[in-house]
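Me: I should like to go through this model and ask what stands behind the terms used to describe it. Please set each value against its definition.

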Amino acid sequence: EFEKEHLTSTQGVHESIIKPNDILSITVSSEVKGAAEDFNLPILPTYSNQSLQTQVTNSSGYSGTLQNYLVDKDGHINFPVLGTLKLAGMTVREAQNFLAGQIYPQYIATEPVVNIRQLNFEISVLGEVKNPGIYNAVNGQMTILDALAAAGDMTIYGKRENVLLVRVQDDGELAFHNINMRDKNTVLNKDLFYLQQNDKLYIHPNKARGNSSGFGTLETIAISALSILISIISIAVR
């Protein structure tokens, strides 16, 4: 019953929003040969350190990496021919339709195909997980469950009823959300279940981890004290 409710409540409703500092790959193509060339950035030779570049081959057979667009702090990009355009606040689909509408029919006779990818859709997962780190979503979408799965899931010491989500808001301020992974309503809250680029998840340690850490510290102190005592006794005996 829960699985059915989950599917009807969350499936097919989430689209990521373009934000300042996003790195976008934007390609424009047309069925008319050469019509869209002016709306694409030049192709550059491929270099090994270009991890966020997009591999492409143009109509002449030349291959390399396509330059990307950085969304500035005000949400704008500088697009060939069209100039400065504001994309922040749009979904990827809305931005694709917007660019297509700016190009057709004013500049070309047939409606182009615009493809946009968010290249830096990254989520940080920290704390009590098997593999803490930064994880990238190729399709621009990641849920809390996806992020935890990518990090190897919580350890047995992870506090499942109190996962901290840190999110940078549009005004630059930080928002903090405490999420109970044992509560099914978490899954139904799309704003939290679907993560946004640059979200941070922190898994708090539970009491078992705290007790374990405390025991380890006391044990270390006891061993050190015993070593010192043995040394003092040895010196006294001599």
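Reply: Buried residues account for 34% of the 238 residues in the protein chain. The model is a predicted one. The chain has six helices and 13 strands, and it exposes about 14400 Å², of which carbon and sulfur atoms supply 53%.

Me: Why is the pair of Tyr69 and Phe79 called stacked?

Reply: The ring centres of Tyr69 and Phe79 are 5.5 Å apart, with 20° between the planes. Rings pair if their centres lie within 6.5 Å, and planes under 30 degrees apart count as stacked. Both conditions are met, so the term applies to Tyr69 and Phe79. Both residues are also buried.

Me: What makes Tyr69 and Phe79 a pair that ties together parts of the chain?

Reply: Tyr69 belongs to strand 5 (residues 69-70) and Phe79 to strand 6 (residues 76-79); the pair therefore links parts that are ten residues apart in sequence.

Me: Why is the pair of Phe193 and Tyr194 described by another term, edge-to-face?

Reply: For Phe193 and Tyr194 the centres are 5.4 Å apart and the angle between the planes is 80°. Planes over 60 degrees apart count as edge-to-face, so the angle of 80° gives this pair its name. The structure holds three aromatic pairs, these two among them.

Me: How do you know whether Phe193 and Tyr194 are buried or exposed?

Reply: Buried means under 20% relative accessible area. Phe193 has 6% relative accessibility and therefore counts as buried. Tyr194, with a relative accessible area of 7%, is buried as well.

Me: Why is Leu85 classed as it is, buried or exposed, and which residues does it contact beyond its sequence neighbours?

Reply: Leu85 lies in strand 7 (residues 83-86). Its relative accessible area is 8%; the cut-off for buried is under 20%, so Leu85 is buried. Leaving aside neighbours within four places in sequence, Leu85 is in contact with Gly75, His76, Ile77, Phe79, Phe98 and Leu99. Leu85 and Phe98 are 13 residues apart in sequence, and their C-alpha atoms are 9.8 Å apart.

Me: What makes up the lining of the second largest pocket?

Reply: The second largest pocket, with a volume of about 340 Å³, is lined by 23 residues, of which Ile17, Lys19, Arg167, Asp170 and Gln196 lie nearest its centre. Strand 11 (158-168), strand 12 (174-179) and helix 5 (190-193) are the elements giving two or more residues to this lining. By class, the lining has ten nonpolar, seven polar and six charged residues.

Conventions:
Residues are numbered from 1 along each chain as its sequence is written. This is a predicted model: local features need pLDDT of at least 70, side-chain atom pairs count only at pLDDT 80 or more; totals for chains, interfaces and linings use all residues. Side-chain values use heavy atoms; hydrogens and water are left out. On a 1 Å grid over the protein atoms alone, a cavity is a set of points where a 1.4 Å probe fits but cannot get out, and a pocket is an open set with protein on both sides within 12 Å along at least five of seven lines; lining residues have an atom within 4 Å of a point. Grid points are joined across faces, edges and corners, and a volume is the space filled by probe spheres set on the points. Helices (H or I, at least four residues) and strands (E, at least two) are DSSP runs, numbered from the N terminus. Ala, Val, Leu, Ile, Met, Phe, Trp, Tyr, Cys and Pro count as nonpolar, Asp, Glu, Lys and Arg as charged, and the others, Gly among them, as polar. Rings of Phe, Tyr and Trp (its six-membered ring) pair if their centres lie within 6.5 Å; planes under 30 degrees apart count as stacked, over 60 as edge-to-face and the rest as tilted. Buried means under 20% relative accessible area, exposed over 50%, partly exposed in between (1.4 Å probe, protein chains only). Accessible areas come from the Shrake-Rupley method with a 1.4 Å probe; for residues, only the protein chains shown count as cover. Contact means heavy atoms within 4.5 Å.
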